[in-house]
Amino acid sequence: MKRVAVFGATGSIGSSTLDVIARHPDRFRAEVLSANAQVDSLLRLCAQFRPSLAIINDAQHLRALQDGLRDLDLSTRAEAGPDALVQAAQQSDIDIVVAAIVGAAGLPSTLAAARAGKRLLLANKESIVVAGALLMHAVKEGGGELIPIDSEHNALFQCLPAPALGRAASTEIRRLVLTASGGPFRGWRRDRLAAVTPQQACAHPRWQMGQKISVDSATLMNKGLEVIEAHWLFGAAPERIDVVVHPQSIIHSLVDYVDGSMLAQLGTPDMRTALAYGLAWPDRIDAGVAPLDLLQLARLDFEAPDREAFPCLDLAYQALRHGPSATTVLNAANETAVSGFLQGQLRFLAIADHVQHMLEQFSREQASTLEDLLELDRRVRLEPHTHH
Ligand code: NAD
Ligand code: MG
C-alpha cells in the first residue's frame with residue numbers, strides 16, 4: 001500500500017489524482033490532502049477519502065476546517081499554513097507526494113518532498129521554472145524519484161530510455177519536441193487579441209484546467225514554462241527543445257533520435273493517464289481514460305506557433321538562456337499579470353508586456369540560492385503593472 005500526500009487536492013490535478021486513487025484502493029491511500037482556502041471542498045474530500053491529515057494553507061480557515069471535521073465525525077487532524085505542507089512532505093509514512101499546487105507557492109513543499117527522498121509527482125511546473133537546478137539537485141541528494149505529470153514531460157519521460165531524467169543531454173538525442181494545442185486563440189492575429197476576456201481565455205478547446213494554467217495556455221506562456229521545465233528535467237539545451245502546434249492534443253510530445261527515429265506518446269487528452277503512470281510506475285494501471293480510437297480521429301495536424309501574436313513563448317526561451325534569475329522574474333511577473341487579467345485589471349496583451357518589462361528591469365540580477373530566488377520573486381511581485 002502506497003501512502004499519498006496530495007497537495008492542491010481541491011484543484012483540477014488534485015481531483016484527477018484522487019479519481020485514480022479511488023479506482024485502486026488496494027494500492028493507494030490518500031493520507032494527506034491540502035487546499036488553499038476552499039474548506040468546503042476539502043471537507044468533502046476528507047469525508048470520501050478519510051485522510052489522517054488535512055491542511056488548509058490560509059490559517060483563517062483552520063477553525064472552520066476543525067469544526068467541519070468534528071461534525072463529520074472524522075479523526076483527520078487539521079493543520080494550517082505553508083510550514084504544515086513542508087512537514088507533511090517529509091512525514092516518514094508518506095511514499096508519494098503529488099505536487100499539484102498552482103504557482104511558485106508550491107516550491108517549498110515540492111523541494112521538501114524531493115529532499116526527503118519521496119516519489120515526487122510534479123505537476124507544479126512553476127517550482128521547476130523558479131528553482132530547476134536546486135530541485136533536480138534535491139531529487140538526486142534525496143535519493144527519491146521525480147515523475148513529471150505535465151502531459152508533455154510525462155510523454156517525454158515515457159519515450160526516453162531509463163533513467164529518463166537528464167537523458168536528453170546525450171548525443172543519441174537530436175531534440176525534444178513539445179506539442180502545444182495552440183489554446184483557445186490559435187490562428188488569431190494580434191489585433192484581435194486586444195479585447196479578449198478572461199472567460200474566453202479560460203475556455204480551453206482540449207483540456208479542463210485551473211484558471212491560471214488556462215490563461216497561460218492562451219498566451220502560450222504555458223508552453224514557454226514547459227520549455228524551461230524540459231530543460232531542467234531532461235538536460236536538453238534550449239536550442240534542442242522545439243515547440244510544434246498540434247491542435248488535436250493527441251500526441252503529447254516526441255523525442256527525435258539521431259538515427260532518424262521519432263518516438264511519441266499518444267493518448268486521449270486526460271491528465272489521469274500521466275497521474276496513473278506516475279503513481280504506479282513502472283507498472284501500468286487502469287486510469288479510467290477512454291482508449292484512443294484512431295479511425296475516428298482519422299488525422300493529426302501540425303503547424304508552427306505564431307511567435308508574434310504570442311510573444312510569451314520567446315520570452316521564456318530568452319529567460320532560459322539568461323539563467324535562473326530571469327526564469328524566476330518571468331514566472332513571478334506572469335503570475336501577477338495573469339491574476340490581474342483574471343480580475344479585470346489588465347488586458348490580455350498586457351500580460352506579455354508586463355513580463356517583458358520586468359525581464360528588462362531585473363536583467364542584472366544574479367540570484368541562484370533558494371533564499372535569493374525567493375527574495376527576487378517577492379520583489380517582482382511588488383512591482384505595479386505599468387501596462388493595462
Ligand atoms: P487549480 O487552480 O485547479 O488547483 C490549484 C490547487 O492548489 C487547489 O487545490 C488550490 O487550493 C491550491 N492552492 C492554490 N494556491 C495555493 C497556495 N498559495 N498555497 C497552497 N495551495 C494553493 O490548478 P491546476 O489546474 O490543478 O494546476 C495545478 C498545477 O499543475 C499548476 O502548476 C499547473 O500548471 C499544473 N498543471 C496542470 C494541468 C491541468 O490539466 N490542470 C496540466 C499540467 C500541469
Ligand atoms: Mg502541459
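Q: Where does Arg50 lie?
A: In this predicted model, Arg50 sits in the loop between helix 2 (39-49) and strand 3 (53-56).

Q: What makes the phi of Arg50 worth a look?
A: Arg50 has a positive phi of about 45° although it is not a glycine. Most residues other than glycine have a negative phi.

Q: Why is Ala298 called exposed?
A: Exposed means over 50% relative accessible area. Ala298 has 66%, so it counts as exposed. This residue lies in the loop between helix 13 and helix 14 (312-322), and its phi is near 65°, a positive value in a residue other than glycine.

Q: Why is Asp372 called partly exposed?
A: Buried is under 20% and exposed is over 50%, with partly exposed in between. Asp372 has a relative accessibility of 42%, so it counts as partly exposed. You will find Asp372 in helix 17 (residues 370-382).

Q: What makes strand 6 covered on both faces?
A: Look at the side chains of residues 119-122: Arg119 and Leu121 on one side are buried, and so are Leu120 and Leu122 on the other. Buried here means under 20% relative accessible area.

Q: How do you know that strand 5 and strand 6 pair?
A: Pairing takes at least two bridges. Four bridges join strand 5 (residues 96-99) to strand 6, and the two run parallel. One of the partnerships to look for is Ile96 with Arg119.

Q: What makes Gly8, Gly11 and Asn57 polar contacts of ligand 1?
A: The cut-off for a pair of N or O atoms is 3.5 Å. A backbone N or O atom of Gly8 is 3.3 Å from an oxygen atom of the ligand, and for Gly11 the corresponding distance to a ligand oxygen is 3.1 Å. Asn57 uses a polar side-chain atom, 3.2 Å from a nitrogen atom of ligand 1. The protein covers 88% of the 820 Å² of accessible area that ligand 1 has on its own.

Q: How do you know that both domains contribute to the shell around ligand 1?
A: The shell draws at least three residues from each of domain 1 (2-148) and domain 2 (158-269 + 291-322). Its residues divide into 11 nonpolar, nine polar and three charged.

Q: What are the peptide bonds before Pro163 and Pro282 called, cis or trans?
A: Both are cis: the bond from Ala162 to Pro163 has omega near -5°, and the bond from Trp281 to Pro282 has omega near 5°. Most peptide bonds are trans. Pro163 is in the loop between helix 7 (151-159) and strand 8 (173-180).

Terms used: Residues numbered from 1 in each chain as written. Chains lettered and ligands numbered in written order. Predicted model: local features only at pLDDT ≥ 70, side-chain atom pairs only at ≥ 80, totals over all residues. Heavy atoms only, no water. Polar contact = N/O pair within 3.5 Å; in protein donor to acceptor, adjacent residues only side chain to side chain. Areas by Shrake-Rupley, 256 points an atom, 1.4 Å probe, with all protein chains shown as cover. Nonpolar A, V, L, I, M, F, W, Y, C, P; charged D, E, K, R; others polar. Domains from an automatic or database assignment. Buried < 20%, exposed > 50% of the residue type's maximum accessible area, 1.4 Å probe, protein only.
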